[in-house]
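Trainee: I have this one open in the viewer and would like to talk it through with you. Where should we start?

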Amino acid sequence: MKLALVIGSTIATIKDEKLSGRKLLIVRESDDTGKPVGNPFVAVDTVSAGTGDLVLVVTGSSARYTDITRDIPTDATIVGVIDSLEQSGKVTFRKS
Amino acid sequence: MKLALVIGSTIATIKDEKLSGRKLLIVRESDDTGKPVGNPFVAVDTVSAGTGDLVLVVTGSSARYTDITRDIPTDATIVGVIDSLEQSGKVTFRKS
Amino acid sequence: MKLALVIGSTIATIKDEKLSGRKLLIVRESDDTGKPVGNPFVAVDTVSAGTGDLVLVVTGSSARYTDITRDIPTDATIVGVIDSLEQSGKVTFRKS
Amino acid sequence: MKLALVIGSTIATIKDEKLSGRKLLIVRESDDTGKPVGNPFVAVDTVSAGTGDLVLVVTGSSARYTDITRDIPTDATIVGVIDSLEQSGKVTFRKS
Amino acid sequence: MKLALVIGSTIATIKDEKLSGRKLLIVRESDDTGKPVGNPFVAVDTVSAGTGDLVLVVTGSSARYTDITRDIPTDATIVGVIDSLEQSGKVTFRKS
């Protein structure tokens, strides 16, 4: 899964009906300190994530393997909110 | 999903029969202001998108999970047209 | 799908039996004028494409969703030959 | 599969229930001497790997093809711990 | 599929049981002359490939579509050994 920072949200009136009612957030892949790297992309939220949260994003076919996204045309789904990251006993990120 | 700008269309007389009658648009991945970045690729349109639209493109196996693209050999499908993008209360893109 | 230019062919006597008799072409991803960019890779041909053709290549699991490649170990399949590409009423590529 | 170095761990209280109880490690893709290259990402551990281990990470849908990760929303799973790597009779990495 | 050069092998005592007895080779993606480019990764061998061979590697879910790798957690499988590559009547690679 990718570590990603939630940076915003999308509004799309015209969209596939199976995406109706789903929250589609803009995220950016992040490094192990929560700093965004790479281009923004859109992920379906399943854990009530908000802007500024560092989240876990699952991509590819596995993005359809949550109860909320089963059989939905999504290739990126937010499946967790990171509380903290640790490396060799040192905390490199903590949710504020 | 990717944010992508529709930049053109393709004509291909010889193609897999399951792609017959499908609109195959040229898109470019875009940033969170709608500015294109990255190489052009081709996506099957399912939402009557047009040139200049910023769209949502789903890739991989999930590109087959719309009613229109079920079991079709597509790895990129347009599943929504972006009305607006917002970051921290600020609109970074609005459909014109 | 990727726009790709067919640049050559491969010969492989030892290969998975399900690939036997399949034409395995070397292609390079191309931009929207047909100019090759990126590294060469190999795709199964299903539309009798030839060297110099600009083609549509479907990747990932969807590469198995043509009648010819069903259940075959391929991650890249040529599914169309491009006649022309158009952007804002201007033709950017035409098959010669 | 990717060669990857385990560099840390994640804590996420809010996460998809199918990920509950799974160890989610931070890894970085590595070269053939075990030196990390590329961005960190998160993988589900199935082999009791620890920080500093060079591991095999399977990505995409195949990340769901272990007994532990069957039907779980994961796109990256640790499936082995590397003891050694060898090139032309020369050991380029050995687990310490 | 990728053109890739076999550069070495891996030893991993601790690994997913479905990978037991499989030869896991280190390969590097190569260009159309057999020259390696890009980072090393690990692929399951199904064609008795050896170091120095230029091979065809299928990635993603299709890596599970050989008789040997059915339902195995692999995302990269060697499915052929290249004898020669040809471009416009000119041989750009020949197995030595």
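Mentor: Let us start with the vocabulary: helices (H or I, at least four residues) and strands (E, at least two) are taken as DSSP runs and numbered from the N terminus. On that basis chain A reads along its sequence as β-β-β-β-β-β-β-β, with 0 helices and 8 strands. Keep in mind throughout that this is a predicted model.

Trainee: Okay, and what is the mean pLDDT of chain A?

Mentor: The mean pLDDT of chain A is 97, and 100% of its residues reach 70 or more. For the model as a whole, the scores are ipTM 0.96 and pTM 0.97.

Trainee: What does the radius of gyration of chain A agree with?

Mentor: Chain A has a radius of gyration of 14 Å, which agrees with the value near 12 Å that a compact globule of 96 residues would have. Along the principal axes, the C-alpha trace of chain A spans about 45 × 25 × 20 Å. Of the 96 residues in chain A, 57% count as buried, and among its contacts with a separation of 6 or more, 51% come from residues 24 or more positions apart.

Trainee: Let me pick a residue, then. Is A:L54 buried or exposed?

Mentor: A:L54 counts as buried because it has 28 C-beta neighbours inside 10 Å, where the cut-off for burial is 20 or more. This leucine lies in strand β5 (residues 54–59) of chain A. Leaving aside neighbours within four places in sequence, A:L54 is in contact with A:L3, A:L5, A:S30, A:G34, A:I82, A:F93 and A:K95.

Trainee: And how far apart in space are A:L54 and A:K18?

Mentor: Their C-alpha atoms are 26 Å apart, with the two positions 36 residues apart in sequence. A:T66 and A:L54 are 12 residues apart along the chain, and their C-alpha atoms are separated by 19 Å.

Trainee: Where is A:T66 found?

Mentor: A:T66 is found in the loop between β5 and β6 (76–81) of chain A. With 23 C-beta neighbours inside 10 Å, A:T66 counts as buried. Once neighbours within four places in sequence are set aside, the contacts of A:T66 include A:T46, A:T77 and A:V79, and they also include D:D16 and D:P73 from chain D.

Trainee: Switching to chain D, how many residues does it bring to the contact with chain E?

Mentor: Chain D brings 29 residues to that contact, and chain E brings 27 residues. On the side of chain D that touches chain E, β1 (2–11), β4 (54–59), β5 (76–81) and β6 (84–87) of chain D each supply at least two residues. By class, that side of chain D has 11 nonpolar, 12 polar and 6 charged residues.

Trainee: Which strand of chain E pairs with β6(D)?

Mentor: That is strand β1 (residues 2–11) of chain E, which pairs with β6(D) in the antiparallel sense over 3 bridges. In register terms, D:S84 stands opposite E:I11 in β1(E).

Trainee: Why is β4(D) described as largely enclosed?

Mentor: Because 6 of the 6 residues of β4(D) are buried, the strand is largely enclosed by the rest of the structure. Both faces are covered, with D:L54, D:L56 and D:V58 buried on one side and D:V55, D:V57 and D:T59 buried on the other. β4(D) pairs with β1(D) in the antiparallel sense over 4 bridges, and there D:A4 stands opposite D:V55. β4(D) also pairs with β5(D), again in the antiparallel sense, over 5 bridges, with D:L56 opposite D:G80.

Trainee: Last topic, symmetry: what turn lays chain D on chain E?

Mentor: A turn of 72° with a shift of 0.0 Å along the axis lays chain D on chain E with an RMSD of 0.0 Å. That is the relation of a five-fold axis. Chain D can likewise be laid on chain A by a turn of 72° and a shift of 0.0 Å along the axis, with an RMSD of 0.0 Å.

Trainee: Why do chains D and E meet through different surfaces?

Mentor: Only 7% of the interface residues of chain D are also interface residues in chain E, so the copies meet through different surfaces. For chain D and chain A the overlap is also only 7%, so those copies meet through different surfaces as well.

Trainee: And how far apart are the nearest C-alpha atoms of chains B and D?

Mentor: They are 10 Å apart, and chain B and chain D do not touch. No contact joins chain B and chain E either, and their closest C-alpha atoms lie 10 Å apart.

Key. Residues numbered from 1 in each chain as written. Chains lettered and ligands numbered in written order. Predicted model: local features only at pLDDT ≥ 70, side-chain atom pairs only at ≥ 80, totals over all residues. Contact = placed C-beta atoms within 7 Å. Nonpolar A, V, L, I, M, F, W, Y, C, P; charged D, E, K, R; others polar. Pairing = 2+ DSSP bridges. Rg over C-alpha atoms; globule rule 2.2 N^0.38 Å. Buried ≥ 20, exposed ≤ 12 C-beta atoms within 10 Å, placed from the backbone. Least-squares fit on C-alpha atoms with pLDDT ≥ 70 in both. pLDDT = per-residue confidence, 0-100.
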